[in-house]
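Trainee: Could you take me through this one slowly? I'd like a close look at a single part, and how it sits among its surroundings.

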Amino acid sequence: MEAAASIGSPIIIQASNGGAAFFAGKSINNKEPKEQASIAGSVAMALHVRQMAKYYGIPVVLHSDHCAKKLLPWFDGMLAADEEFFEKNGEPLFSSHMLDLSEEVDEENIETCKKYFERMAPMKIWLEMEIGITGGEEDGVDNSHADVNKLYTQPEQIWSVQSTLASVADHFSIAAAFGNVHGVYKPGNVKLNPAILKTHQEFVRSKLGGSEEKPCYFVFHGGSGSTEEEIKTAVEAGVVKMNVDTDTQWAYWEGILDFYKAKEGYLQGQIGNPDGEDKPNKKFYDPRVWLRKAEETMVARVKKACQDLGNVNTLALPL
């Protein structure tokens, strides 16, 4: 939120299943009842952001990320929280949720998404779904050895999603695979082809018989390590959201690493440093000091991502 406020732009804050459980507390049993820590952590995160966003003066989209079939109890718990919040406030707790059933057959994936979307639509909750898989490993789902062909979604798959979900409502997006991989890898190891998203748009437009240039809303997963040109091509083809997890994790750690290297002599004990053997070090090892350094490098990386996506001074643009 600090990064977005500094550049006058909206931002998406999302919870993953594992991240939500961590937010709740690693000592909470997440298996019985199923996903209770992830549900509680997600709700707590959403309530915290709602409380604090007004002080940053920017719109914040509250989202939950990849929910595989085995994690559906987590999704159910968040939807129950949405419904409870909606009944009291006239709006859902979250703005958006993602179902990632890309490991299932297309028919099951799409029909399950439709079933949940019918429950979400009356509350105006955005649905993000994935068809075709994102490679690599993320949050306990390992697609490192997946069939390469599945890393590239086909136009017919996109049309199946678009035609089915559009029969419910229009507020949904598709995480279509175009060679995406979670994480950061050596150049040449990941072959992104965001240009195929344009092909998908053309295919859907021909099926609809309309004039809308980009009838589909796409999502770019595995954005970390991508080039500015790849991101630009994806946005031009209709990408409205990009996940940047691995790069922001590194940015957060880098702030701590740099601080430690610069202040190493002050971080070897509570007393004694290069200024004197009786000098206290509390102002160096106080967690608020080095966590703030992590926040500063995270802010810089988020601003860079927003710049790459064209999300700078967005709030100043006419509606």
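Mentor: Let's get one term straight before we dig in: a helix here is a DSSP run of H or I with at least four residues, a strand is a run of E with at least two, and both are numbered from the N terminus. With that naming, Asn 313 is found in the segment after α11, which covers 287–309. Also keep in mind that this is a predicted model. Asn 313 has a positive phi of about 55°, although it is not a glycine. Its relative accessibility is 46%, so Asn 313 counts as partly exposed.

Now for the part I'd zoom in on: helix α5, residues 106–120, and its partner α4, residues 72–89. Two packed helices are described by the angle between their axes and the distance between the axes. The axes of α4 and α5 come within 11 Å and cross at roughly 15°. Angles under 35 degrees count as roughly parallel, and therefore that is how α4 and α5 run relative to each other. Their crossing is left-handed. So who is touching whom? On the α4 side you'll find Leu 72, Phe 75, Asp 76, Leu 79, Ala 80 and Glu 83, while α5 brings Tyr 116, Arg 119 and Met 120. Sort the residues of this contact by class and you get six nonpolar, three charged and no polar.

Stay on α5, but look at Phe 117. A search of the whole structure turns up five aromatic pairs. One of them joins Phe 117 and Phe 172 edge-to-face, at 6.0 Å centre to centre with 75° between the planes. Phe 117 lies in α5 and Phe 172 in strand β7, residues 172–176, so the pair ties together parts that are 55 residues apart in sequence. Are these two rings' residues buried or exposed? Phe 117 is buried, with a relative accessible area of 0%, and Phe 172 counts as buried too, at 3%.

Next, follow the chain out of α5. Lys 124 sits in the loop between α5 and β4, which spans 126–131. Phi of Lys 124 is near 65°, a positive value in a residue other than glycine. The cut-off for exposed is over 50%, so Lys 124, at 62% relative accessibility, counts as exposed.

One more backbone detail for your notes. The peptide bond from Glu 32 to Pro 33 is cis, with omega near -10°. Pro 33 lies in the loop between α2 (17–24) and α3 (36–56).

Key: Residues numbered from 1 in each chain as written. Predicted model: local features only at pLDDT ≥ 70, side-chain atom pairs only at ≥ 80, totals over all residues. Heavy atoms only, no water. Axes fitted to C-alpha atoms, helices over the stretch in contact; angles between N-to-C directions. Parallel < 35°, antiparallel > 145°, perpendicular 65-115°, else oblique. Left-handed = near helix turned anticlockwise from the far one by under 90°. Contact = heavy atoms within 4.5 Å. Nonpolar A, V, L, I, M, F, W, Y, C, P; charged D, E, K, R; others polar. Phe/Tyr/Trp six-rings, centres within 6.5 Å; stacked < 30°, edge-to-face > 60°. Buried < 20%, exposed > 50% of the residue type's maximum accessible area, 1.4 Å probe, protein only.
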